[in-house]
Each structure stands twice: as structure tokens, then as C-alpha cells.
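Reader: I would like to understand how the words used for a structure are earned, one term at a time. Could you take me through the reasoning slowly?

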Amino acid sequence: MYAQMVKSEGMKSSEEMSPEDRAFQDRIDRGEKIEPKEWMPEGYRKTLIRQIGQHAHSEIVGQLPEGNWITRAPTLERKAILLAKVQDEAGHGLYLYSAAETLGVSRDELLEKLHSGAMKYSSIFNYPTLTWADMGAVGWLVDGAAIMNQVPLQRTSYGPYSRAMIRICKEESFHQRQGYAIMMKMAQGTPEQHEMAQDALNRFWFPALMMFGPSDKDSVHSAQSMAWKIKMNTNDELRQKFVDETVPQAEYLGLTVPDEMLKWNDERGHYDFAEPDWQEFFEVIKGNGPCNQERLEARRRAWDEGAWFRDGLTAYAGKAAARRAGASVAAE
Amino acid sequence: MSKKEWPLWEIFIRGQHGLNHRHVGSLHAPDAEMAVNNARDVYTRRKEGVSIWVVKSTDITASAPSAKGPLFDPAESKVYRHPTFFDIPDDVGHM
Amino acid sequence: MAAIAEITAAPDPVLADDGLKPALFDWLCRMGDNCLILGHRLSEWCGHGPALEEDIALANTALDLIGHTQMWLALAAEVEGKGRSADDLAFLRDAMKFRNAKLVELPSGDMAVTLMREFLFDAWHFEMLTGLTESASPRVAEIAAKALKEVSYHLERSSDLVVRLGDGSDESHRRMQDALNRLWPYAGELFTADKVDEAAAAAGIAPELAALRAAWDKTVGEVLGEATLTLPEIRFDVHQGGKQGRHTEHLGYILAEMQFLQRAYPGAEW
């Protein structure tokens with residue numbers, strides 16, 4: 001998921017809840033949306049900032065692995081589609097930062113926390129994109145996994161977050177399809193292309209499963225977030241749904257999911273599958289993934305080297321406002 | 001890092017001629033003119049609009065959330081303002 | 001790419017003139033290659049822009065230019081009549097066959113170089129496309145009319161940013177002036193006509209390049225003046241040759257990157 005292991009504030013028992021807490025929970029249970037200036041528990045606000053902020057960071061760091069191939073896209077059409085998609089991710093980051101800003105934190109503060117490492121982004125973007133088939137695998141698997149989470153989040157309790165997710169889901173509808181379209185071309189192309197496609201699936205399968213985060217069915221943090229409707233499903237539910245939907249898609253491509261334990265379970269009505277290597281996941285989260293350094297450095301460089309640009313425009317806006325004020329005084 | 005953050009602007013877009021401007025989201029820009037340009041690039045990438053309004057977020061005055069009941073509840077009792085309040089026999093035809 | 005660049009295949013007697021074809025092919029490649037290489041340079045910014053809003057705006061301009069590339073190169077390929085496609089022209093020609101001006105292949109550098117280059121090019125592009133809407137070739141006029149709508153906005157945006165950054169902070173002013181000094185000697189190539197440009201003008205397909213100069217000078221003078229920037233006291237047409245296929249060293253690297261997949265896997269479909 002684009003927001004993984006977001007630490008929620010602890011859950012209060014019904015005796016610990018204040019009358020405000022209880023009234024707030026009642027509103028959420030009735031399906032009401034919470035809007036920016038309305039009363040909300042401090043824990044709700046803080047958890048949302050962490051979650052929406054992490055989600056936003058994932059969008060803009062997520063530009064990098066695919067941005068890596070824009071200048072090498074093999075046809076003019078693929079170049080345009082990929083550029084449009086990566087540009088959409090910048091837009092989605094922007095919408096999400098705006099949603100977070102309604103909770104009393106500024107975008108620059110959030111970016112500072114990303115750059116300092118105080119806030120995280122999704123583990124998936126710390127994996128490299130090595131061949132053109134990775135543009136297919138990222139669209140198909142990574143966007144596919146993200147959609148699993150984002151579609152239900154359109155119904156989340158916080159109004160600005162819900163509206164951002166609705167806009168994002170609408171815009172993202174082409175992202176997974178463009179990825180799958182690339183995979184089809186590659187899997188059904190030359191033997192070399194097929195090999196690239198299989199290799200991309202081999203490398204991205206388990207990192208995609210990790211996107212949902214470790215099992216949280218017993219987590220109190222998750223329970224609180226679910227009660228507040230800022231988390232709509234458990235990690236395991238979403239992961240299962242993803243596997244169930246993706247395996248037939250891989251079969252259609254004639255590709256093999258790199259999991260020897262993968263097997264349809266008639267009794268459960270679901271696929272059984274192997275857990276990803278959670279040790280690897282925690283290393284990536286800690287900053288020791290294959291591309292953590294490069295990703296964060298790229299974001300910091302863009303920000304630092306853009307400072308004169310942002311400040312220059314601010315300086316002009318100040319001068320122009322002063323000139324306008326001067327002109328109106330002179331006219332009086 | 002730069003401490004002079006660009007201010008936040010609320011963006012309103014008229015989707016088609018004849019419709020109201022609708023709030024679509026927000027963005028950062030150094031001034032109103034650039035906010036309009038940025039809004040064109042950010043919020044009309046899929047040809048969503050024919051006109052853009054921008055308002056500095058801090059310039060918006062909102063009703064107090066606690067006043068929600070007193071402000072809007074009275075209208076609930078005035079059901080006669082809605083056409084469905086009135087039963088007109090089918091024989092009369094469309095009205 | 002029917003959906004993105006739909007051009008009606010109306011009969012066009014001008015394009016059917018065999019004697020004109022070699023020059024016309026070159027001329028169409030010049031239009032397409034300028035868009036392709038500048039679009040490529042702008043696309044390098046995606047994910048690395050100085051603010052999210054600017055990241056998105058730069059990508060929009062790059063997308064427009066890639067769209068224009070598809071239209072011009074598709075027409076070039078058709079005029080050539082050898083069964084090549086726009087993609088073949090983009091991905092399988094070597095540097096000496098590329099016909100873009102040197103200005104657009106220079107490295108993007110910082111945002112100052114990126115925006116100043118964009119502005120100098122947009123101001124030319126706008127006048128060129130405006131002239132082309134009157135082309136004797138209906139096909140050329142049709143592409144120009146479509147591109148002009150987008151390029152009008154490109155020019156509006158780049159002019160605005162040049163003014164703002166030129167008249168912004170001390171540092172932004174200095175960077176914009178440095179960028180202008182660096183790029184200025186490359187701008188003149190856009191106005192230097194050779195036999196290809198003369199043939200296109202004589203056939204009524206394109207305006208005379210020299211005739212675009214007055215309007216360009218006016219736009220550039222006004223914007224740079226408002227930006228409090230000074231025109232360098234050097235010739236603006238020092239660096240020539242790009243559109244005849246004699247490029248800077250930079251183009252080779254652009255092509256090595258851009259053409260990698262098509263070159264490494266000949267005949268594959270993507």
C-alpha cells in the first residue's frame with residue numbers, strides 16, 4: 001500500500017471515551033463525513049496526517065522508478081503515455097498534500113519530514129526498474145495493489161481525503177491497464193521480450209505483496225484506524241484479494257508467478273500463497289533497500305536546487321503586490 | 001530549506017458553459033495569476049474546464065461547524081418548499 | 001496513435017509535387033525534430049521539478065511537443081514515401097540525419113536555462129505556426145492550427161516565468177541573465193534560411209524565416225525588458241548547423257538514450 005504500517009493512536013475503551021469521543025464515533029458509524037474545521041479527537045487528526053502524508057510522499061517518490069524510463073521509452077506513443085502517467089502521480093501527490101494541509105500541517109513541513117527521513121513512503125519504490133518490462137510490471141502490479149486500497153478509501157470518513165481519493169481513482173483508472181498492455185506486448189513479443197516480462201514479474205511479485213504490510217489482524221492500531229474508517233480493510237484481506245485477482249491475469253499472459261506454494265484452495269475459495277520475506281521488508285523500511293539512497297537523494301536534490309526558483313517567484317509576487325499598492329495609493 | 005512557502009489557493013472550475021464553478025481542490029502558487037496558470041496545468045489536464053477561479057485559502061470565511069444545526073436544520077421543517085410535498089392527481093398531467 | 005494525433009488525409013496537391021519532396025521531407029523533419037528533442041529535454045524534469053505545480057506544468061508542455069512530433073514526423077514519413085513511420089524516423093535515424101536546431105538539444109541545466117530556452121523557442125514557434133496556418137498545404141496548415149493553440153499557452157507561460165524570475169530575487173535574476181547569455185548565440189539558427197527553407201517558402205508551404213524576425217524581436221525585447229534582463233552584446237546566430245545535421249556533442253547522448261530499445265531489439269514491437 002502507499003501507506004504502510006501507519007501508527008495509529010491507541011484505541012480507547014468505551015469507558016475511556018469522553019462524550020465528544022463518543023459523539024464523534026457515532027457520526028462515523030452513521031457514515032457522516034468529518035470536515036476540516038469540525039471537532040475531532042487529536043489521535044484521529046495525527047493518524048490522518050501520518051497516513052495521508054505517507055500516501056502523498058509515496059506518490060511523488062513513486063514518480064522516480066517510472067520516470068527512470070521516460071527518456072528511453074521505445075515509441076512516441078509509449079513515451080507520451082508514460083509521461084502522462086508519471087505526471088498524474090505528481091498530481092496525486094499534490095491532491096493528497098492538500099488534503100493533509102486541511103489538518104493543520106503545511107506541505108513544506110511534510111516535505112521536510114520526508115527529506116529528513118522522519119516520514120516514510122511505500123517500500124515498493126525502493127526497488128529498481130531495470131528493463132522496459134518493469135514499466136509494465138509496475139503499472140500492472142504496483143498500481144494494481146494500490147487500487148485495492150484506494151477504491152475502498154474513497155469511502156473514508158475524512159471528507160478531504162475521501163474527495164482526493166475519488167479524484168485519484170478516477171484518474172488512475174488507465175494506469176493499471178497501460179501497465180498490463182505493456183505486459184501483453186512483452187509477454188507475447190519476441191523471446192527476449194518474454195524473458196524480460198517474466199523477469200519483471202519475478203522481481204516485482206513479492207515486493208508487490210509487501211505493499212499491503214505485514215499481517216495486522218490482531219493489531220490494536222489497525223482496529224482504531226478501522227473504527228475511524230481511515231483504514232477500510234485488513235492488510236491480509238487486501239493481499240488475498242490482490243493475489244486472487246492477479247494470478248489469472250498472469251496466466252493469461254503466459255507468465256509464471258514466482259511462488260511454488262501458489263495453489264487454488266477450493267475449500268477457502270481463494271489462492272494459498274507464500275508470504276513475502278518480511279525480513280527484507282523491514283530492511284527496506286529502515287532505509288536499506290536497493291534504491292532508498294537514490295530515491296531520497298533525488299527528492300532532496302530537486303527540493304534544494306529548486307529553492308532559488310521558489311524564492312525568486314515569491315520575491316516577484318511581493319514586488320508586484322507592492323507596485324499595485326503603490327499605484328492604487330497614487331491614484332487616490 | 002526555504003521558509004517562505006507559497007500560499008495555498010482554493011481552485012474553482014466551471015466544467016461546462018452554463019454550470020456553476022465547483023471547488024475541485026487546492027494548490028500552491030506565489031500569487032493569484034500564477035495560481036490560475038497552475039490550476040490550468042494541475043486541474044484541467046483532462047479538459048475538465050472552461051473557466052477557473054482562484055481564492056486564497058486564508059481569504060475564505062466559513063460558517064462555524066458548531067452552527068451546522070441552527071443554520072441548516074430549520075429548512076428541514078419547510079418541506080413545502082419541495083415540489084414532492086404536493087399531491088397532484090395523475091389526470092392533471094405533467095406539472 | 002490515432003487518438004492522440006488524428007490528422008485527416010485530405011488530398012494535398014502541394015505534398016504530391018515530386019520535385020519538392022526531398023526539401024519538403026527535410027523541412028518537415030526540422031519541425032518534428034525540434035519538438036521531439038525539446039520535448040525530450042523537458043521530459044527529463046518529470047519527478048525532479050522545483051515544485052509539484054511546476055513539475056506538472058513542464059510535463060504538460062513536453063506532452064504537447066511529443067504530440068506535435070507525431071504529427072510532423074508522420075507527415076514527413078508519408079511525404080518520403082518509403083514506408084517509414086514517425087517512430088522509425090524518431091528512433092532509427094542517427095545524429096547526422098536529425099534536423100533540429102542546436103538550441104533545443106543543449107542540456108537543460110537549471111530551471112533558468114530550461115525556461116529561457118523554452119521562451120526563446122516558444123516565441124519563434126508561435127510566429128512560425130501562425131505563419132503556417134496560412135500554408136498552401138492544407139495538411140501543414142491543419143497541423144499548425146492544432147499545435148498553435150497549445151504553443152500560444154507555452155509562450156504565455158514561459159514569458160510570464162521569464163519576467164517573474166528575471167525581476168525576482170537577486171539570485172533568480174542572475175541565473176536568468178546567465179541563461180540568456182549562454183543561449184542567445186544559438187537562437188539565430190531558427191531564423192537562418194538555407195535552400196530547404198527557401199524551397200518551402202517559395203512553394204508557399206512555410207513563411208520566410210526572415211519575415212518572422214520582426215515579431216520575434218518585439219516579443220523577446222518586451223519580455224526581457226519587463227524581466228529587467230539585458231540582451232547580450234554578441235551575435236545571436238553564432239552557432240549554426242543543427243538543421244543541416246551538424247550537431248553539438250549532446251545530441252548523440254540524447255539519441256543513445258532515446259533509441260536504446262529500438263536499437264537493441266530490432267524489429268520488436270512495443
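Author: Let us begin with one residue pair in chain B of this predicted model: I11(B) has G25(B), which lies in β2(B), as its bridge partner.

Reader: What makes β1 and β2 of chain B a pair of strands?

Author: Two strands count as paired if at least two bridges are found between them. Strand β1 of chain B, residues 8-14, is joined to β2(B) by 7 bridges, and the two run antiparallel, so the requirement of at least two bridges is met. These two strands also form a hairpin, with 6 residues between them, and in its turn G18(B) has a positive phi of about 95 degrees.

Reader: In what order do the strands of this sheet of chain B lie, and is the pairing parallel or antiparallel?

Author: The sheet is open and has 3 strands in the order β2-β1-β3, with antiparallel pairing. Its edge strands are β2 (21-28) and β3 (51-56) of chain B, each of which pairs on one side only. On average, neighbouring strands are turned by 30 degrees against each other, when direction is ignored.

Reader: Which helix packs on the sheet, and which strands does it touch?

Author: Helix α1 of chain B, residues 32-43, packs on the sheet and touches β1, β2 and β3 of chain B, while its direction makes about 105 degrees with that of β2(B).

Reader: Why is the meeting of R164(C) and D31(B) called a salt bridge?

Author: The term asks for a side-chain nitrogen of Lys or Arg within 4 Å of a carboxyl oxygen of Asp or Glu. The side chains of R164(C) and D31(B) meet at 2.9 Å, N to O, and therefore this pair satisfies the cut-off of 4 Å. The count between chain C and chain B is 1 salt bridge, and 5 residue pairs are found in polar contact across that interface.

Reader: Which elements of chain C give two or more residues to the side that touches chain B?

Author: They are α2 (52-80) and α6 (138-166) of chain C, and α6(C) gives the most, with 6 residues. By class, this side of chain C has 5 nonpolar, 1 polar and 5 charged residues.

Reader: How many residues are in contact between chain C and chain B, and how much area do the two chains bury?

Author: Contact joins 11 residues of chain C to 12 residues of chain B. The two chains bury about 1100 Å² between them, 52% of it on carbon and sulfur atoms. Of the area that chain C buries against chain B, E53(C), Y153(C) and R164(C) supply 54%, more than any other three residues.

Reader: How do you know that R107(A) and E53(C) form a salt bridge?

Author: Their side chains meet at 2.8 Å, N to O, which is within the 4 Å that the term allows, so the name applies. Across the interface of chain A and chain C there are 4 salt bridges, together with 14 residue pairs in polar contact. Several helices supply at least two residues of the side of chain A that touches chain C, among them α4 (76-101) and α7 (159-187) of chain A. The largest share, 14 residues, comes from α4(A), and the side as a whole divides into 25 nonpolar, 10 polar and 11 charged residues.

Reader: How much area is buried between chain A and chain C?

Author: The buried area is about 4300 Å², of which carbon and sulfur atoms give 69%, and 46 residues of chain A are in contact with 51 residues of chain C.

Technical notes: Residues are numbered from 1 along each chain as its sequence is written. Chains are lettered from A and ligands numbered from 1 in the order in which they are written. This is a predicted model: local features need pLDDT of at least 70, side-chain atom pairs count only at pLDDT 80 or more; totals for chains, interfaces and linings use all residues. Side-chain values use heavy atoms; hydrogens and water are left out. Contact means heavy atoms within 4.5 Å. Buried area is the accessible area (1.4 Å probe) that two parts lose on being put together, summed over both. A polar contact is a pair of N or O atoms within 3.5 Å; within protein, one must be able to donate a hydrogen and the other to accept it, and residues adjacent in sequence count only if both atoms are side-chain atoms. Helices (H or I, at least four residues) and strands (E, at least two) are DSSP runs, numbered from the N terminus. Ala, Val, Leu, Ile, Met, Phe, Trp, Tyr, Cys and Pro count as nonpolar, Asp, Glu, Lys and Arg as charged, and the others, Gly among them, as polar. Axes are lines fitted to C-alpha atoms, for helices over the stretch in contact, and angles run from 0 to 180 degrees between N-to-C directions.
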